[in-house]
Amino acid sequence: MRETILIVEDEKDIIKMLEYNLKREGFKTLSATDGEAALEVAARYCPDLILLDLMLPGIDGLEVCKNLKANTKTAHIPVIILTAKSQESDKIVGLELGADDYVTKPFSPRELIARIKAVLRRVKEKDKLSEVLKIGDLTVDFSKIQVYIKNKPVELTAKEFELLKTLIKAKGRVLSRDYLLDNIWGFDHAMEIQTRTVDVHIRTLRKKLKGEARRIITVKNYGYRFEAEED
Ligand code: CA
C-alpha cells in the first residue's frame, strides 16, 4: 500500500518540489494551501503523514496542528512541521502540541524524506505491538491474516480482511467510502458503482462476523467505523 502524504504549504513552488520528490519515492500526495483546507482534507482522506508549514495565511500552522490533534479523525496522523530559522520557539510549541518532528527551511528533499520515513517507521512499530485483537467473540490475528468467531476460523476474502483490518486500525474513527476504496481497491475517486463496492463487501463481511457484525457501524452518507468499546 502506497502511503499518502498531505503537504500543507502556501508556496506553490515548494508544493511542486515536494510533490515531485515524494512521488519519486513512491508516495502519493495531497496538498492544501491554507489551514482550513488542510483540516478538511486531513479529516476526509486520513493521510498517513502531514507536512505542515507553520507560516500560512488564515489559521497558522500551530493552530492547524492543535486542531488536528483535537479531532478524533485526525489525532493519530503524524505531523512534521516545516519552520523557518526565525521560528525556533514555534517549533518547540509545535512539538508540545503533538507534532512528531520538525524540519527547518531551507531543507534538502533528501533530508526531509529521511525524516518522513523515520516517522512512518516509528508509527508502524507502534502498530505492530498489537498483532492480535480479541474483543467479544471476535479474534483477529493480523500476522496470520485470520479471523475467528468463538475460536472457530472464519473464511474471509482478501478484500474483506483488508476492509476489517483498515476499520480496526482506525481505532473508532469513521472512514469514508472514498478512503476505503482508495486504500483497499486503489481507485482514485468514487463513482456511484465504485462506492457500492464497499457497501457490498461490508454486507458480506457482516454476515460472516455474525453477532460481532454490530461492531461495524454505518455512518449514513459517509462511511463506516469499527466500534471496539465493550458494550
Ligand atoms: Ca508558508
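**Burial, sheet, salt bridges and a calcium site**

Q: Is Glu212 buried or exposed?
A: The structure is a predicted model. The relative accessible area of Glu212 is 4%. Buried means under 20% relative accessible area, so Glu212 is buried.

Q: Which residue does Glu212 meet in a salt bridge?
A: The contact runs between side chains, N to O, at 3.8 Å. A salt bridge requires a Lys or Arg nitrogen within 4 Å of a carboxyl oxygen of Asp or Glu. The partner of Glu212 counts as partly exposed, at 43% relative accessibility. This partner is Arg214.

Q: How many salt bridges are there?
A: Side chains of opposite charge can pair when their charged atoms come close. With the limit set at 4 Å from nitrogen to carboxyl oxygen, the count of salt bridges is 15.

Q: How many residues apart in sequence are the parts tied together by Asp178 and Arg44?
A: The side chains of Asp178 and Arg44 form a salt bridge, with N and O at 2.7 Å. Asp178 belongs to helix H7 (residues 177-185) and Arg44 to helix H2 (residues 35-45), so the bridge ties together parts whose separation in sequence is 134 residues.

Q: Which residue of the Asp178 and Arg44 pair is buried?
A: Arg44 has 40% relative accessibility and counts as partly exposed. The other residue has 17% relative accessibility, and buried means under 20%. The buried residue is therefore Asp178.

Q: Which strands are tied together by the salt bridge of Lys105 and Asp53?
A: The side chains of Lys105 and Asp53 meet at 3.1 Å, N to O. Both residues are buried. The pair ties together parts 52 residues apart in sequence, because Asp53 lies in strand S3 (residues 49-53) and Lys105 in strand S5. The strands are S3 and S5.

Q: Which residue is linked with Asp53 and Lys105 in a network of salt bridges?
A: Lys105 and Asp53 meet in a salt bridge, and the network includes a further residue. That residue also coordinates the calcium ion, through OE. It is Glu9.

Q: Which residues coordinate the calcium ion?
A: The donor atoms stand at 2.1 to 3.2 Å from the ion. Along the sequence the donor residues follow the spacing E-D-x42-D-x1-M. The donors are Glu9 (OE), Asp10 (OD), Asp53 (OD) and Met55 (O).

Q: Is Met55 buried or exposed?
A: Met55 contributes its O atom to the calcium site. Asp53, another donor, counts as buried at 2% relative accessibility. The relative accessible area of Met55 is 55%, and the threshold for exposed is over 50%. Met55 is therefore exposed.

Q: Which strands stand at the edges of the sheet?
A: Five strands make up an open sheet with parallel pairing, in the order S2-S1-S3-S4-S5. A strand at the edge has a single partner strand, so one of its sides is left without a neighbour in the sheet. The edge strands are S2 (28-32) and S5 (101-105).

Q: What is the average twist from one strand to the next?
A: The sheet is open and holds five strands. From one strand to the next, the twist averages 20 degrees.

Q: Which residue in S2 stands opposite Thr4?
A: Strand S1 (residues 4-8) pairs with S2 in the parallel sense, over five bridges. Opposite Thr4, in S2, stands Lys28.

Q: What span is reached by helix H6 from its first C-alpha to its last?
A: H6 comprises residues 158-169, 12 in number. Its buried residues are Glu160, Phe161, Leu163, Leu164, Thr166, Leu167 and Ile168. After H6 comes Lys171, with a positive phi near 50 degrees. The span of H6 is close to the value expected at 1.5 Å a residue, and comes to 16 Å.

Q: How many disulfides are there?
A: Cys46 has 5% relative accessible area and is buried, and Cys65 is also buried, at 0%. The cysteine sulfur closest to that of Cys65 is in Cys46, 16 Å away, which is too far for a bond. The count of disulfides is zero.

Q: What distance separates the C-alpha atoms of Ala42 and Arg173?
A: Ala42 is part of helix H2 and counts as buried at 0% relative accessibility. Along the chain Ala42 and Arg173 are 131 residues apart. Their C-alpha atoms are separated by 13 Å.

Note on methods: Residues are numbered from 1 along each chain as its sequence is written. This is a predicted model: local features need pLDDT of at least 70, side-chain atom pairs count only at pLDDT 80 or more; totals for chains, interfaces and linings use all residues. Side-chain values use heavy atoms; hydrogens and water are left out. Two strands pair if DSSP finds at least two bridges between them. Helices (H or I, at least four residues) and strands (E, at least two) are DSSP runs, numbered from the N terminus. Axes are lines fitted to C-alpha atoms, for helices over the stretch in contact, and angles run from 0 to 180 degrees between N-to-C directions. The expected span of a helix is 1.5 Å times one less than its number of residues. Buried means under 20% relative accessible area, exposed over 50%, partly exposed in between (1.4 Å probe, protein chains only). Donors are N, O and S atoms within 2.8 Å of the metal (3.2 Å for Na, K and Ca); water is not among the atoms, so sites may look incomplete. A disulfide is a pair of cysteine sulfur atoms within 2.5 Å.
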